[in-house]
Amino acid sequence: MATPEEINADMLAFWNGKGGHTWVARQEHTDITLSPVTDALLAFAAPRAGERVVDIGCGCGASTLEFARAVGPSGRVAGLDISGPMLAEAERRTSAAGIGNVAWRQADPAIAALDDYDLLTSAFGVTFFGDREAAFTNMRRSAAPDARMALVSWRTLAENPWMEVPMTAVAQHLPPRPKPVSNAPGMFAFADPEHVTEVLTAAGWTPPRFEKLDIDLDIAAGRGLEEAVVQSTEIGAVNSWLRNQPTEVVSAAVASLREALEPYADGMSVHLPSAMWLISSVSA
Ligand SMILES: C[S@@+](CC[C@H](N)C(=O)[O-])C[C@H]1O[C@@H](n2cnc3c(N)ncnc32)[C@H](O)[C@@H]1O
């Protein structure tokens with residue numbers, strides 16, 4: 001079992017390296033696919049004019065910029081991430097949109113001192129910490145009295161066909177994956193509400209409220225079946241599974257993936273069900 005330090009080092013290498021660059025290249029597509037999730041997170045978090053918001057694992061800033069618009073010129077938003085390439089893209093988008101109330105910071109929120117805030121938010125950015133209880137304890141230190149938290153994160157793989165269908169399709173061509181360790185750092189680390197409750201309450205937050213968010217995601221982003229195949233092979237678990245495989249194995253796996261997604265194609269869209277938690281809490 002890797003230590004928290006080893007996990008953090010691996011995550012930094014991935015997100016600050018090849019993984020981060022791939023996310024930048026695929027960001028426009030990803031943002032279109034996830035735009036209903038951003039809308040749902042905004043409605044759930046209900047940011048108010050003038051508030052100070054921190055967005056953890058902000059990546060290229062899709063939801064960060066929406067929070068900045070929502071709090072208006074009298075508010076401010078800090079986007080924190082460990083990925084230099086993704087933050088550079090976020091900065092570029094901020095200038096292009098003429099938004100002045102966002103500050104981007106390359107830092108690990110698990111250990112860095114944050115500026116005081118009224119609302120902590122994250123879209124899929126808090127599940128990669130090596131020691132998540134220590135990370136949430138550190139983040140709570142800068143919370144204003146009664147500061148709110150509003151997160152969105154994935155439920156289990158089995159509840160997320162947008163990811164499970166591609167994985168099952170390629171599995172027949174590939175060596176078996178190691179059995180997943182429950183609650184291990186990664187995209188599904190916050191799937192179990194009991195575990196999340198333990199982490200947050202131990203870190204000084206009130207027992208969280210969980211709301212199910214079930215959305216059919218257009219994994220083609222309106223760009224057709226081929227684009228859905230490319231996105232599914234370039235981002236996420238299928239990508240890491242295909243890495244270092246012989247060309248003929250990759251070709252066969254991609255062909256099976258295309259075949260598996262075809263029944264979901266509807267014009268230029270490819271809709272598959274997804275399942276998330278919206279999680280809220282207050283600093284205790
Ligand atoms: C799945 S991406 C989500 C990005 C963005 N929130 C979005 O919805 O497009 C996960 C993000 O978490 C960041 N991340 C991973 N580990 C982190 C850590 N320890 N501290 C801060 N950010 C981290 C990654 O660099 C990446 O930007």
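**Exercise 1. Classify Ser63 as buried or exposed, and place Ser63 in its surroundings.**

Ser63 has a relative accessible area of 8%. The cut-off for buried is under 20%, so Ser63 is buried. The model is a predicted one.

Next, locate the residue: Ser63 belongs to helix H3, residues 62-71. Then list the contacts, leaving aside neighbours within four places in sequence: these are Thr38, Asp55 and Ala123.

**Exercise 2. Describe how H2 and H3 cross, and state which residues make the contact.**

Start with the axes. Those of H2 and H3 come within 10 Å and cross at roughly 40°. That angle makes H2 oblique to H3. The contact is made on the H2 side by Asp31, Thr38, Leu41, Leu42 and Ala45. On the H3 side it is made by Ala62, Ser63, Glu66, Phe67 and Ala70. Ser63, from the previous exercise, is thus one of the H3 residues in this contact, and Thr38 is one of those from H2. As for handedness, the crossing of H2 past H3 is right-handed.

**Exercise 3. Compare the span of H1 with the expected span, and find where its buried residues lie around the axis.**

Step one is the span. H1 covers residues 4-16, which is 13 residues, and reaches 18 Å from its first C-alpha to its last. This is close to the 18 Å expected at 1.5 Å a residue.

Step two is burial. Ile7, Met11 and Trp15 are the residues to consider, and they are buried. They cover an arc of only 50° around the axis, which puts them on the same side of H1. The general background is that an α-helix has 3.6 residues a turn, so residues three or four places apart point the same way.

Step three is the opposite face. Turned away from the buried side of H1 is a face that carries Glu5, Asp10 and Ala13, which are exposed.

Step four is the packing. The buried residues of H1 pack against two helices, H2 (18-45) and H4 (84-97).

**Exercise 4. Determine the relation between the axes of H1 and H2, and name the residues in contact.**

The axes of H1 and H2 cross at roughly 40° and come within 3 Å. The two helices are therefore oblique to each other. H1 contributes Ala13, Phe14 and Trp15 to the contact, and H2 contributes Lys18, Gly19, Gly20 and Trp23. Among the H1 residues in this list, Trp15 is buried, whereas Ala13 is exposed.

**Exercise 5. Work out the packing of H5 on H7.**

Helix H5 spans residues 132-140 and helix H7 spans residues 193-202. Their axes are 8 Å apart, at an angle of about 45°. That makes H5 oblique to H7. Their crossing is right-handed. From H5, the contact involves Arg132, Glu133, Phe136 and Thr137. From H7, it involves His195, Val199, Leu200 and Ala202.

**Exercise 6. Locate Gly186 and say which residues it touches.**

Gly186 sits in the loop between H6 and H7. With a relative accessible area of 13%, Gly186 is buried. Leaving aside neighbours within four places in sequence, the contacts of Gly186 are Met11, Thr127 and Phe128. Met11 is one of the buried residues of H1. For a distance across the sequence, take Gly130: Gly186 and Gly130 are 56 residues apart in sequence, with their C-alpha atoms 9.6 Å apart in space.

**Exercise 7. List the buried residues of H8 and the elements they pack against.**

In helix H8 (residues 225-234), the buried residues are Leu225, Ala228, Val229, Gln231, Ser232 and Thr233. The buried residues of H8 pack against H2, H6 (161-171), H9 (237-242), H10 (247-261) and strand S8 (269-282). Just after H8, Gly236 has a positive phi of about 90°.

**Exercise 8. For Ala46 and Asn244, give phi, location and exposure.**

Begin with the expectation: most residues other than glycine have a negative phi. Ala46 has a positive phi, near 45°. Its place is the loop between H2 and strand S1 (52-56). Ala46 is partly exposed, at a relative accessible area of 40%.

Asn244 also has a positive phi, near 65°. Asn244 lies in the loop between H9 and H10. The relative accessible area of Asn244 is 77%, so this residue is exposed.

How values were computed. Residues numbered from 1 in each chain as written. Predicted model: local features only at pLDDT ≥ 70, side-chain atom pairs only at ≥ 80, totals over all residues. Heavy atoms only, no water. Helix = DSSP H or I, 4+ residues; strand = E, 2+ residues; numbered from the N terminus. Expected span 1.5 Å × (residues − 1). Buried < 20%, exposed > 50% of the residue type's maximum accessible area, 1.4 Å probe, protein only. Arc of directions from axis to C-beta. Contact = heavy atoms within 4.5 Å. Axes fitted to C-alpha atoms, helices over the stretch in contact; angles between N-to-C directions. Parallel < 35°, antiparallel > 145°, perpendicular 65-115°, else oblique. Left-handed = near helix turned anticlockwise from the far one by under 90°.
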